[in-house]
Structures are given as C-alpha cells and as structure tokens.
Amino acid sequence: MAEVPNRWEGVYRSKEETGTSWFENRPQVSLDLIAATGASREAAIVDVGAGTSRLVDCLLEQGFRRITVLDLSETALAKTRSRLPDDRPVEWVASNVLDWQPSERLDVWHDRAAFHFLTEPADQVAYMRVMNEALLPGGHAIIGTFAPDGPEKCSGLPVARYGAALLSERLGAGYQLLRSLIHDHRTPWGSLQRFHFGLFRKAY
C-alpha cells in the first residue's frame, strides 16, 4: 500500500476535477442513500476516499454540521477546502483509512469507490475493523463499488467488484442490508461505469 498515496497525489496534482472518471457534479445517489438513513443534521458522517467529491458541499448545504472528509491525498483535500469557507464544520483528514483513528464515533460511513481498491483480504479485514470500531450501533454504512459487470480497473489499478451478496458477506452478520442498487455512472467523457451501492445498518 506504500506507493498508493504517491499515486493519488499525482492524479490530483495533474488532473482537473472534471478530468477524473469519477467526477460527479452532484452525487445524487449518495445523497439519496444518506437521506434514507434518516440521519439528523447533528449526525456524524465520514466520506471515506472523498478525493475532490462535492458530497461535502451538498451535505453542508443541507445543514449537516459534523462532517469528516478523509482521503489519502492532501492535494485533493486542499482542492476541496478551497471551494468552501474556512469556518465550515468539517474535519479534514489526510490518511489511509486502514490507519485512521476517528476522533468520535460515527452515525454514517460513506464510501464511494475506495473499498473496491482493496484487493488483498488482509486489507479488506483491516478496513472492516476500522469501520466497525468507528460506527455506532444502529449506524449506517453506505459502500459503493464497481458492480460485478463493472470495470476491472480504475486509474490503472485492479479493483474488487461487488454485488449485494458478496458485499454483505464481506461486512458480516453484524450488518443488515437495507438497500441495494445498481447505478450507471457516466464519466465526463461519456463512457459508462456500472456501480453497486449497498446501504447497511450496523446491528451491534
């Protein structure tokens, strides 16, 4: 995993926001799934592997006040921060999620397209351990990955693809699948990438 931070720094230093395949002007699927959790405006939410996603902008517009934005790339975080006033209630964390120790327990864990880069079982287990320790009982996890018939690589890196059954298996018995959906994301240059999103509730 040691080379990954440098790779993502390079991506965000060399490309404009709209030059990345994952760009969304408004992350509507993520917003809809967060709304489906019933989270209050006081809910603690993390966006894992956020990059320069505009999810934080939209959550702030909706009145959420406890948001953590986490990414490997300090450049990506700096670009996002530059769009927002300095006084916004956001905690910015430049870290590998596998090493992250949250400052508080969370109500909502959101991850669009970070988990699927973890192709080694040991890294997947480590990710789940961090998520499980971070989420409060009754909290929700939203995980978006490439679908089983989605791309096999992203930015030159192999990915692990998931449908509802396999993702539920990875999360384990402590998580109940509430919603599963397929989303065809259109890249800025017009190609389609098929994603699977799962919304889970943590039982304990």
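Student: Which residues is Thr68 in contact with, leaving aside its neighbours within four places in sequence?

Tutor: In this predicted model, Thr68 is in contact with Ile45, Val46, Asp47, Glu91, Val93 and Trp100, once its neighbours within four places in sequence are left aside. Thr68 itself lies in strand 2.

Student: Why is Thr68 called buried?

Tutor: The relative accessible area of Thr68 is 4%, and buried means under 20%, so Thr68 counts as buried.

Student: What makes strand 1 largely enclosed by the rest of the structure?

Tutor: In strand 1, 5 of the 5 residues are buried, so the strand is largely enclosed by the rest of the structure. Both of its faces are covered, with Ala44, Val46 and Val48 buried on one side and Ile45 and Asp47 buried on the other. As a general point, the side chains of a regular strand alternate between the two faces of the sheet.

Student: How do you know that strand 1 pairs with strand 2 and with strand 4?

Tutor: Two strands pair if at least two bridges are found between them; strand 1 is joined to strand 2 by 5 bridges and to strand 4 by 4 bridges, so both count as pairs. Strands 1 and 2 run parallel, and strands 1 and 4 run parallel as well. The bridge partner of Ala44 in strand 2 is Arg66, and the chain crosses from strand 1 through helix 3 to strand 2 in a right-handed β-α-β crossover. Towards strand 4, Ile45 stands opposite Val108.

Student: Which residues of helix 2 are buried, and what covers them?

Tutor: Within helix 2, residues 28-36, the buried residues are Val29, Ser30, Leu31, Leu33 and Ile34, and their cover includes strand 1, helix 3, strand 4, strand 5, strand 8 and strand 9. Just after helix 2, Gly38 takes a positive phi of about 75 degrees.

Student: Why does Ala113 count as buried, whereas Ser155 counts as partly exposed?

Tutor: The relative accessibility of Ala113 is 15%, which is under 20%, the limit for buried, so Ala113 counts as buried. Ser155 has a relative accessibility of 27%, which falls between the limits of 20% and 50%, so Ser155 counts as partly exposed. Ala113 is found in the loop between strand 4 and helix 5, and its phi is near 75 degrees, a positive value in a residue other than glycine. Ser155 lies in the loop between strand 6 and strand 7, where its phi, also positive in a residue other than glycine, is near 50 degrees.

Student: What is the volume of the largest pocket, and which residues are the closest to its centre?

Tutor: The largest pocket has a volume of about 740 Å³, and of the 44 residues that line it, Trp8, Gly49, Ala113, Ala114 and Phe117 are the closest to its centre. Two or more lining residues come from each of helix 1, strand 1, strand 2, strand 4, strand 7 and strand 9, and the largest share, 3 residues, comes from helix 1. By class, the lining has 23 nonpolar, 13 polar and 8 charged residues.

Student: How do you know that Leu171 is buried?

Tutor: Leu171, which lies in helix 6, has a relative accessible area of 9%; the cut-off for buried is under 20%, so Leu171 meets it. Not counting residues up to four places away in sequence, Leu171 touches Met128, Met131, Ile143 and Phe200. The C-alpha atoms of Leu171 and Leu199 are separated by 11 Å, although the two residues are 28 residues apart along the chain.

Key
Residues are numbered from 1 along each chain as its sequence is written. This is a predicted model: local features need pLDDT of at least 70, side-chain atom pairs count only at pLDDT 80 or more; totals for chains, interfaces and linings use all residues. Side-chain values use heavy atoms; hydrogens and water are left out. Buried means under 20% relative accessible area, exposed over 50%, partly exposed in between (1.4 Å probe, protein chains only). Contact means heavy atoms within 4.5 Å. On a 1 Å grid over the protein atoms alone, a cavity is a set of points where a 1.4 Å probe fits but cannot get out, and a pocket is an open set with protein on both sides within 12 Å along at least five of seven lines; lining residues have an atom within 4 Å of a point. Grid points are joined across faces, edges and corners, and a volume is the space filled by probe spheres set on the points. Ala, Val, Leu, Ile, Met, Phe, Trp, Tyr, Cys and Pro count as nonpolar, Asp, Glu, Lys and Arg as charged, and the others, Gly among them, as polar. A crossover is right-handed if, with the strands pointing away from the viewer, the path from the first strand over the helix to the second runs clockwise.
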